[in-house]
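Visitor: Could you take me through the aromatic pairs and the sheet, with the cut-offs spelled out as you go?

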Amino acid sequence: MFEVKITDRFNLGDKNFLITGGGCGIGFACAKAIAQLGGGVAVIDTLAEPVEEFHMLGKRFGVKTSFVRGDTAAGICIDEPLVEADWEHSQRTSNVNVMGTFWTIKLLAKHLVDTKTHGSIVTIASLNGQGVYVPVQPCAAYNASKAAVKGLMGPLGAELGEHGIRINSISPGAIQTPLLKRLEGEKRAILDFYSDGAPLQRLGIPEDLTPMVCYLLSDAASFTTGADFLLTGES
Ligand SMILES: NC(=O)c1ccc[n+]([C@@H]2O[C@H](COP(=O)([O-])OP(=O)(O)OC[C@H]3O[C@@H](n4cnc5c(N)ncnc54)[C@H](O)[C@@H]3O)[C@@H](O)[C@H]2O)c1
């Protein structure tokens, strides 16, 4: 029987990946992890410049890298109690997190279908998108946007399967990134809630997520699509 080596199934060499919002935070950690596994990485981010380490990935891991400044999917979160909700803020949250994700998937999938190329897409939903009440963080528009990202996975997994394209989301708990920095100081109670309330009793770091992202991108996950994976430090 033909035997496939397990390490080969995790290898991302000879493949290229587009990472929206990969200029810092979780997106950059994913770019670095993919590069370590041999994949080429192209990042689109609203930042003028990615974190400095991005420029070293190509040389360090012998892969192709590129950075383009642009407004795409990625993700934003604005804390705002419902009764103080601002139309512009809730619309921006929906535009970036939902429409941006949907249209990035659409354009990428169209390219893959047109060129008859197989592929794997990973989106970032959230613990906040699971419909649970998080008493200390009033950001219902964000939570709803992340539930929508998760909700896209099943239908799109079914639509894209026949083209050899898989799509899955991850739902992280609180991860220490620039996004969470805004919660230090006055909003510290939110961070304490997320770290002390979780069985693992700590906040996550981007590197807690990258093995799952790389697994889903790789051939090791060839029978997995349309699903959401919790990485929350909770059961
Ligand atoms: N940090 C967390 O605790 C956490 C938890 C669950 C889910 N998430 C999700 O993970 C994703 C990444 O979060 P993060 O914590 O790394 O955030 P971050 O703010 O640290 O990084 C997000 C990156 O996206 C870029 N970006 C923002 N809007 C953009 C746009 N319209 N077009 C292109 N780039 C844009 C930013 O410049 C930044 O580089 C988001 O979707 C977020 O909602 C984060």
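Guide: Let's begin with F193, which is partly exposed at 34% relative accessibility; its partner to come, Y194, is buried at 8%. For these words, buried is under 20% relative accessible area, exposed is over 50% and partly exposed is in between, using a 1.4 Å probe and protein chains only. Please keep in mind that this is a predicted model, where local features need pLDDT of at least 70, side-chain atom pairs count only at pLDDT 80 or more, and totals for chains, interfaces and linings use all residues. Residues are numbered from 1 along each chain as its sequence is written, and side-chain values use heavy atoms, with hydrogens and water left out.

Now for the rings. The structure has 4 aromatic pairs (Phe, Tyr and Trp rings, the six-membered one for Trp, with centres within 6.5 Å; planes under 30 degrees apart are stacked, over 60 edge-to-face, the rest tilted). In one of them, F102 and W103 have ring centres 6.1 Å apart and planes at 75°, so this pair is edge-to-face. F193 and Y194 also make an edge-to-face pair, with 5.7 Å from centre to centre and 75° between the planes. Back in the earlier pair, F102 is partly exposed at 33%, and W103 is partly exposed at 42%.

On to the sheet. Three strands, in the order β4-β5-β6, form an open sheet with parallel pairing (strands are DSSP runs of E with at least two residues, helices runs of H or I with at least four, both numbered from the N terminus; two strands pair if DSSP finds at least two bridges between them). The edges are β4 (119-124) and β6 (228-231); each has a single partner strand, so one side of each lacks a neighbour in the sheet. On average, neighbouring strands are turned by 25° against each other, direction ignored. Between β4 and β5 (residues 165-172) there are 6 bridges in the parallel sense, and G119 has I165 in β5 as its bridge partner. Helix α5 (residues 140-160) packs on this sheet and touches β4, β5 and β6, its direction making about 160° with that of β5. Here contact means heavy atoms within 4.5 Å, while axes are lines fitted to C-alpha atoms, for helices over the stretch in contact, with angles from 0 to 180 degrees between N-to-C directions.

Leading into β4 is the loop from α4 (87-114), where K116 sits. K116 is not a glycine, yet has a positive phi of about 50°, and it is exposed at 75% relative accessibility.
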